[in-house]
Amino acid sequence: GSVNWGSYQGIGTWRTGAAPFYNQSWARDMGRSLLEMIRLGYLAKAEAGVKFVDSHLYDLPNGYPAINRDGRKVPPHWTTVVGDPLYGDKDGKGDGDQANDGHGLLLLAHYRLWQEKGRDNIWLRDRWPFVQDAAEWFTFQLDNPAFSRATEILYSESEAARDGGYDAYSNFIALKALEKSSEMAASLGQSEFAERWSVYAARLRRGMLRQLVVDDPKYGKVWKPVAWNWSYAHESLAPIIISADADGLELSTADPEMLAISLNTYRQQKGYPNGLASPQTLGYGQSFLTQAALLADDVDSYTEAIANLARFIYYPGEKPYIVPEGVTIHPSGEYWYRNGDLGNAVHQAEVLKTISLMAGVDNLRSGDVRLVPRLPDGWTGMKVVGYPVNDGQAKLSFDLKREPTTIDLNIKLSGQATSTSIRLGPIPPNAKDVKVVTENKTITVRTIQSGRRQWVWLERLAAPPETEIRVELTWVGS
């Protein structure tokens with residue numbers, strides 16, 4: 001029953017009941033949707049999704065001999081459409097495809113679900129055969145280049161690789177999926193696999209640095225842009241934006257060498273003709289760009305990018321707040337209309353991820369609740385209710401209010417967490433006399449520079465059950 005706005009090159013006409021993808025579960029869409037379900041605490045729904053994709057991991061080898069590659073059985077992996085293994089068969093040989101981005105996102109969803117279930121090894125042992133075979137698909141490709149066309153990096157037959165090529169998005173997702181699979185293996189005492197997958201993740205890292213880095217005369221070393229079919233090839237931002245699915249919401253935890261290249265890439269992408277408006281694909285375009293701006297603490301840019309995202313989502317008629325696949329915009333920026341598929345899962349989920357990054361509740365680290373809200377300029381507040389933290393064992397709510405020289409934060413934490421760390425800001429780069437009062441006491445804080453603004457850290461505050469914390473940050477200067 002979904003609405004379609006003139007497909008991708010239409011003139012704004014639309015029809016109901018188009019339903020172009022209603023009967024398909026795309027691996028990339030499913031992976032991102034599961035990750036956002038898990039981020040927001042919908043664990044039962046996410047587990048049902050994980051079990052669904054696991055039931056289709058072996059579709060290719062189970063189809064042998066009808067499905068084969070050069071007479072060989074194709075190893076188990078998820079293809080472009082889960083449950084329809086020949087759908088994305090780009091070369092038409094009847095051997096499936098290598099949608100490494102979707103495959104990697106689904107493997108990361110297994111990791112995040114295990115993590116949010118309190119690192120439950122009983123659950124993990126039940127899923128272990130699927131995790132093992134899914135991770136081994138990446139190592140198999142690297143070890144069998146004649147079969148897979150891998151070099152030092154993976155070859156992907158995905159939109160992210162422009163339907164066939166070598167891209168930063170698929171390879172970085174695979175790198176992170178192998179790292180997290182290694183962590184799961186170590187937890188189960190599977191030391192051989194833990195070491196093996198760690199070695200292959202490092203191998204992909206070296207390969208990416210050798211084969212996917214190009215020199216830009218203005219911005220220096222950047223990740224090679226590939227997916228121009230996704231408007232402005234924002235897939236090259238992957239080493240920034242995927243970190244928020246695996247390692248946390250602060251780039252200080254990122255690999256320094258890869259981060260430097262990624263920040264150059266972000267600056268390059270902002271310099272494209274579209275600037276901070278890239279709505280042709282709302283997930284792969286506007287959302288990727290906005291997520292990178294948020295994680296880079298580029299306040300001026302994320303303020304503009306978020307405003308653009310809000311404009312492009314909204315439509316006063318049919319389903320006003322459901323995310324379309326994309327938006328066609330007039331060069332003046334004054335007029336636009338929806339295009340593609342209304343409610344397309346990956347674009348809907350990337351927008352949800354963007355909103356979660358604004359809220360800044362970092363639930364990727366067990367025990368230590370980290371709150372890093374990123375308030376756009378001109379906003380006077382933000383409110384979050386019942387956000388799951390500490391492996392789902394606690395709920396965090398907060399009400400943040402900002403005045404010209406004051407930020408007031410009220411936090412309520414129900415359930416158990418070992419500590420709470422809070423980063424407040426942004427405040428002006430020249431702010432002086434920065435003071436933080438909590439529990440009617442002035443406390444010592446750490447001030448950092450990130451982006452072009454200052455941020456204030458309150459680290460490891462006590463967090464017993466049913467905690468309520470009020471923090472007031474004041475400064476002089478604007």
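**Close-up views of a predicted chain**

**View 1. How the chain holds together over distance.** Among contacts in the chain with a separation of 6 or more, 66% link residues that sit 24 or more positions apart. Keep in mind that this is a predicted model. The chain counts 14 helices and 16 strands, and 58% of its 478 residues are buried.

**View 2. The overall build.** Measured against the rule for a compact globule of 478 residues, which would give a radius of gyration near 23 Å, the chain's 22 Å agrees. Its C-alpha atoms fill a box of roughly 75 × 55 × 50 Å along the principal axes.

**View 3. The outside and its charges.** About 19,000 Å² of the chain's surface is accessible, and carbon and sulfur atoms make up 51% of that. The chain carries 51 positive and 57 negative charges, and the mean positions of the two sets lie 3 Å apart.

**View 4. A three-stranded open sheet.** Here the strands line up as β1-β5-β4, with antiparallel pairing. β1 (4-5) and β4 (324-329) are the edge strands with a single partner each, so one side of each has no neighbour in the sheet. Zooming in on β1 and β5 (residues 336-342), two bridges join this antiparallel pair. In β5, D341 is the residue standing opposite N4.

**View 5. H347 and its surroundings.** This residue belongs to helix α14, which covers residues 345-359. Is H347 buried or exposed? H347 is buried, because its relative accessible area is just 2%. Leaving aside residues up to four places away in sequence, H347 touches T281, L282, G283, Y284, V323, P324 and E325.

Definitions and conventions
Residues numbered from 1 in each chain as written. Predicted model: local features only at pLDDT ≥ 70, side-chain atom pairs only at ≥ 80, totals over all residues. Heavy atoms only, no water. Pairing = 2+ DSSP bridges. Helix = DSSP H or I, 4+ residues; strand = E, 2+ residues; numbered from the N terminus. Buried < 20%, exposed > 50% of the residue type's maximum accessible area, 1.4 Å probe, protein only. Contact = heavy atoms within 4.5 Å. Rg over C-alpha atoms; globule rule 2.2 N^0.38 Å. Areas by Shrake-Rupley, 256 points an atom, 1.4 Å probe, with all protein chains shown as cover. Lys, Arg positive; Asp, Glu negative; His and termini not counted. Charge placed at Lys NZ, Arg CZ, Asp CG, Glu CD.
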